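Q: I am new to reading protein models and would like a close look at a single part of this one. Could you please take one helix and explain, step by step, what surrounds it?

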Amino acid sequence: MKCICSQKDLKEALIAASKALPTKPQTPILNNIYFCATQNTLEIQATDFSTGIIAKIPAEVEIEGEVVIPGKKITEIIGKMFGAIITLSTEEEENLAVIKSGTTTFSLYTSDSEEFPKVATQEYNHSFYIKNEYLKQLIARSTFATANDTTRPIFQGCSITINGSDITFVATNTHRLILAKSTIEDEIPGENKLIVHATALNDVLSILNATKDERGVKVDFSDKHIAFTINNIFLTCRLIDGEFPPHDKVFPASCATFASVPISKFLSEMSLVETVSRETEYNTVRLKFNDEGLALAADSYGTGKVLGNVNAEVTGPNIDIAFNLRYIQDFLKIAEDSEEVRIGMNEPLSPAEFRFPDKEDIIYVITPVRV
């Protein structure tokens, strides 16, 4: 195999593909990236069996062929090369891949390309397009609320519902839940429910953040798989099996106390309070809402106490309620250009609702901590 391509194109393709390299590979071959040069195209693949990524870039192909190269090493090398043009070739007798750019030459040992599990394209039942910005928002607004517990895989993913031209992402770790809505550019018949692993969605977000092309994302899905096509990059992953728990009744039907809190000041005070709250079992912050505004407090037997105040507009009965501080921070970090957060509460141990007044398409619920 021998081909010539742009260093910039190859670097971007490898960065995208390397997101599918596993941290704990089931087999050593998965540590590699697969290259196939044919018909003026260099195709690059990586997979961890659950998620697979294919990137295609233009190339001047002198000799068609395929090769499997250690993924992290080739990605690092191409990223550090200064030459604008890369030549990639193989020396089959010595099982070497030769990478040349300018005056620099690397030779890397290769693996058997026949052993590499090629990323398979599936048959999909439905397809739709969604604007880049809409999909970026949906992912950023939801995946942070998923669980890290591998014993409950359903909560490691986002529940995605597509109904007509409406799309909804829901994520929860059972202590908090977020719902984010948007629209797609097509009409999908019926109500279609999928559970997609947050890791794969964050890979999609990284790829979207790296592209300047706004042509939109093509999404294909079936009962078992979902795929995202972003320009020259194709990502496919298996859906999580199971049924996502119903979430409609999680949101309070009404609230007795409402508080409007400026986000910038809220974040600043919580950053200070966190020096103490993180020493507690649940990173607990106590919020006291009354006519004078909002008081924040944390108390750790090993560290000490802290008290902060934020001007807030409070209506309804006074309430003293406690939360995991990080859960509030996570939500405020997706505020974008919103200046305040509106919190609706009932009792100290009842779920509280967090919203941005200027964004009706996001609802966040946190279960309080008992203190």
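A: The answer below follows one helix, its start, its aromatic partners and a nearby loop.

The model is a predicted one, in which local features need pLDDT of at least 70 and side-chain atom pairs count only at pLDDT 80 or more, while totals for chains, interfaces and linings use all residues. Residues are numbered from 1 along each chain as its sequence is written, and side-chain values use heavy atoms, with hydrogens and water left out.

The part chosen is helix α6, which covers residues 325-332. Helices here are DSSP runs of H or I with at least four residues, strands are runs of E with at least two, and both are numbered from the N terminus. Seven of the eight residues of α6 are buried, so the helix is largely enclosed by the rest of the structure. Buried means a relative accessible area under 20%, exposed means over 50%, and partly exposed lies in between, with a 1.4 Å probe and protein chains only. The buried residues are L325, Y327, I328, Q329, D330, F331 and L332.

At the start of the helix, a side-chain oxygen of N324 comes to within 3.0 Å of the backbone nitrogen of R326.

Within α6, F331 deserves particular attention. Its relative accessible area is 1%, so F331 is buried. The whole structure contains nine aromatic pairs; rings of Phe, Tyr and Trp (its six-membered ring) are paired if their centres lie within 6.5 Å, and planes under 30 degrees apart count as stacked, over 60 as edge-to-face and the rest as tilted. One pair joins F331 to F356: the ring centres are 4.3 Å apart and the planes meet at 5°, so this pair is stacked. Because F331 belongs to helix α6 and F356 to strand β23 (residues 352-356), the pair ties together parts that are 25 residues apart in sequence. F356 also counts as buried, at 1% relative accessibility. Ring pairs extend to a cluster made of F144, F323, F331, F354, F356 and Y364. The ring of F356 has a further partner: the charged end of K359 sits over this ring, 5.8 Å from its centre. For such an arrangement, NZ of Lys or CZ of Arg must be within 6 Å of the ring centre and within 35 degrees of the ring normal.

A loop residue, N283, completes the picture. N283 is located in the loop between α5 (263-277) and β17 (284-290), and at 12% relative accessibility it is buried. Leaving aside neighbours within four places in sequence, N283 is in contact (heavy atoms within 4.5 Å) with E274, S277, R278, F323, N324, L325 and R326. This list includes L325 and R326 of the helix, together with N324, whose side chain approaches R326 at the start of α6. The side chain of N283 also makes a polar contact of 2.6 Å with the side chain of S277. A polar contact is a pair of N or O atoms within 3.5 Å; within protein, one must be able to donate a hydrogen and the other to accept it, and residues adjacent in sequence count only if both atoms are side-chain atoms. In addition, a polar atom of the N283 side chain lies 3.3 Å from the backbone nitrogen of R278.

For contrast, N311 lies in the loop between β19 (304-310) and β20 (313-315) and is exposed, with a relative accessible area of 67%.
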